[in-house]
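Here is a small set of exercises to work through with the model open in your viewer. Try each task before you read its solution.

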Amino acid sequence: MGEFVRLEVSDGVGTIRLDRPKMNAISAQVQDELSVAAKEADSRDDVAAVVVHGGERVFAAGADVKEMATLTYAEMVRRSHLLQAFTRDIAAIGKPTVSAITGFALGGGCEVALSTDVRFAADNAKLGQPEILLGIIPGAGGTQRLSRLIGPAKAKELIFSGRFVDAQEALAIGLVDQVHPADEVYAKAVEWAAQFVGGPALALRAAKSAVDRGLEVDLQTGLEIERVEFAGLFATDDRQAGMDSFVQNGPGKATFTGS
């Protein structure tokens, strides 16, 4: 457990909780602790799915600008690959992941949310990539993940302007997937994650890998990725259990072991 980030596990759902008052500014230490928590969530057999949450008031208001303001070019060259590592590690969790966004998710905070599979926003949420207002650009995956999610034109408009979008606009452009009252958004995210507890963990991992890796390549290569992942599941106990249960009892009644 880190000073500002912790992994809490309950009934098969892991919550990666940011807790750096007042605004969950993402310092270098927070970045490193997010990486540690993400890797732990990925490796633990008692975690079926993951919620990323910043608390009731704010998700994460962005990078620690005071910390970055003193860095030289040479120092940032050495640090920049680490700046992307924490979002890469969140994205690499081989289980379903969801961000539960309250308040601000800006800059690095928005990039954390972009690293999860889906995003649930509170009705008071504000999202954006305002780095341009500091004379820089998103550096933890924002230019790449945002454009893949909402399209290049809309992503450029948000990045060029640095403006914030509210929850309803974020829903309309596909930046978030669901909007809920602020006092319900975390519970809704946990409810979504809980549906995967007891599910076919290897098939879920394969599905996530096929989609994510397929987006990085041409169609034919993506189809080959899918084929290999699909065939590999025929070596799992879950595939046998799922198909035997379907033949004997109909769909949706299988008991999976994650093996």
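## Exercise 1: A residue at the start of a helix

**Task.** Decide whether Leu-219 is buried or exposed, then place Leu-219 in the secondary structure.

**Solution.** Leu-219 has a relative accessible area of 61%. The cut-off for exposed is over 50%, so Leu-219 is exposed. As for its place, Leu-219 belongs to helix H10, which covers residues 219-232. For a sense of distance, take Ala-187: Leu-219 and Ala-187 are 32 residues apart in sequence, and their C-alpha atoms are 37 Å apart in space. Please keep in mind throughout that this is a predicted model.

## Exercise 2: The overall shape

**Task.** Compare the radius of gyration of the protein with that of a compact globule of 259 residues.

**Solution.** Start with the expected value: for 259 residues, a compact globule would have a radius of gyration near 18 Å. The protein has 19 Å, which agrees. Next, look along the principal axes, where the C-alpha atoms fill a box of roughly 65 × 40 × 35 Å. The fold contains 11 helices and nine strands, and 43% of the 259 residues are buried. Finally, turn to contacts between residues at least 6 apart in sequence: 69% of them join residues at least 24 apart.

## Exercise 3: Two buried residues

**Task.** Find the surroundings of Leu-18 and of Thr-87, leaving aside neighbours within four places in sequence.

**Solution.** Leu-18 sits in strand E2, residues 13-18. With 1% relative accessibility, Leu-18 counts as buried. The contacts of Leu-18 are Phe-4, Asn-24, Leu-34, Val-52, His-53, Gly-54, Phe-59 and Ala-60. Pick out Gly-54 from that list: Leu-18 and Gly-54 are 36 residues apart in sequence, yet 4.7 Å apart in space, C-alpha to C-alpha.

Now Thr-87, which is part of helix H3, residues 73-91. Its relative accessibility is 0%, so Thr-87 is buried. Thr-87 touches Glu-111, Val-112, Ser-115, Ala-140 and Arg-145.

## Exercise 4: A buried lysine

**Task.** Work out which class of accessibility Lys-208 falls into, and which residues are in contact with Lys-208.

**Solution.** Lys-208 is in helix H9, residues 201-214. The relative accessibility of Lys-208 is 11%. Buried means under 20%, so Lys-208 counts as buried. Beyond its neighbours within four places in sequence, Lys-208 is in contact with Ala-91, Ile-93, Gly-94, Lys-95, Thr-97 and Asp-117. Leu-82, which lies 126 residues from Lys-208 along the chain, is separated from Lys-208 by 24 Å between C-alpha atoms.

## Exercise 5: Two helix pairs

**Task.** Describe how H5 crosses H6 and how H1 crosses H3.

**Solution.** Begin with H5 (residues 142-150) and H6 (residues 152-161), whose axes come within 7 Å and cross at roughly 135 degrees. H5 and H6 are therefore oblique to each other, and the crossing is right-handed. From H5, the contact uses Gly-142, Thr-143, Leu-146, Ser-147 and Ile-150; from H6, Pro-152, Lys-154, Ala-155, Leu-158 and Ile-159. By class, the contact of H5 with H6 has six nonpolar, three polar and one charged residue.

Continue with H1 (residues 28-43) and H3: their axes come within 8 Å, crossing at roughly 35 degrees. This crossing is left-handed. H1 contributes Ala-28, Gln-31, Asp-32, Leu-34, Ser-35, Ala-38 and Lys-39, while H3 contributes Arg-79, Leu-82, Leu-83, Ala-85, Phe-86, Asp-89 and Ile-90. The contact of H1 with H3 divides into eight nonpolar, two polar and four charged residues.

## Exercise 6: Backbone details

**Task.** Examine the peptide bond between Pro-21 and Lys-22, then the phi angles of Asp-11 and Asn-24.

**Solution.** The bond joining Pro-21 and Lys-22 is cis, with omega about 5 degrees. Lys-22 lies in the loop between E2 and H1, and Asn-24 is found in the loop between E2 and H1 too. Asn-24 is not a glycine but has a positive phi of about 55 degrees. With a relative accessible area of 4%, Asn-24 is buried.

Asp-11, not a glycine either, has a positive phi of about 55 degrees. Asp-11 is in the loop between strand E1 (5-10) and E2, and its relative accessible area of 71% makes Asp-11 exposed.

Definitions and conventions. Residues are numbered from 1 along each chain as its sequence is written. This is a predicted model: local features need pLDDT of at least 70, side-chain atom pairs count only at pLDDT 80 or more; totals for chains, interfaces and linings use all residues. Side-chain values use heavy atoms; hydrogens and water are left out. Axes are lines fitted to C-alpha atoms, for helices over the stretch in contact, and angles run from 0 to 180 degrees between N-to-C directions. Helices (H or I, at least four residues) and strands (E, at least two) are DSSP runs, numbered from the N terminus. Angles under 35 degrees count as roughly parallel, over 145 as roughly antiparallel, 65 to 115 as roughly perpendicular and the rest as oblique. A crossing is left-handed if the near helix is turned anticlockwise from the far one by less than a right angle, and right-handed if clockwise. Contact means heavy atoms within 4.5 Å. Ala, Val, Leu, Ile, Met, Phe, Trp, Tyr, Cys and Pro count as nonpolar, Asp, Glu, Lys and Arg as charged, and the others, Gly among them, as polar. Buried means under 20% relative accessible area, exposed over 50%, partly exposed in between (1.4 Å probe, protein chains only). The radius of gyration is taken over C-alpha atoms; the globule rule is 2.2 Å times the number of residues to the power 0.38.
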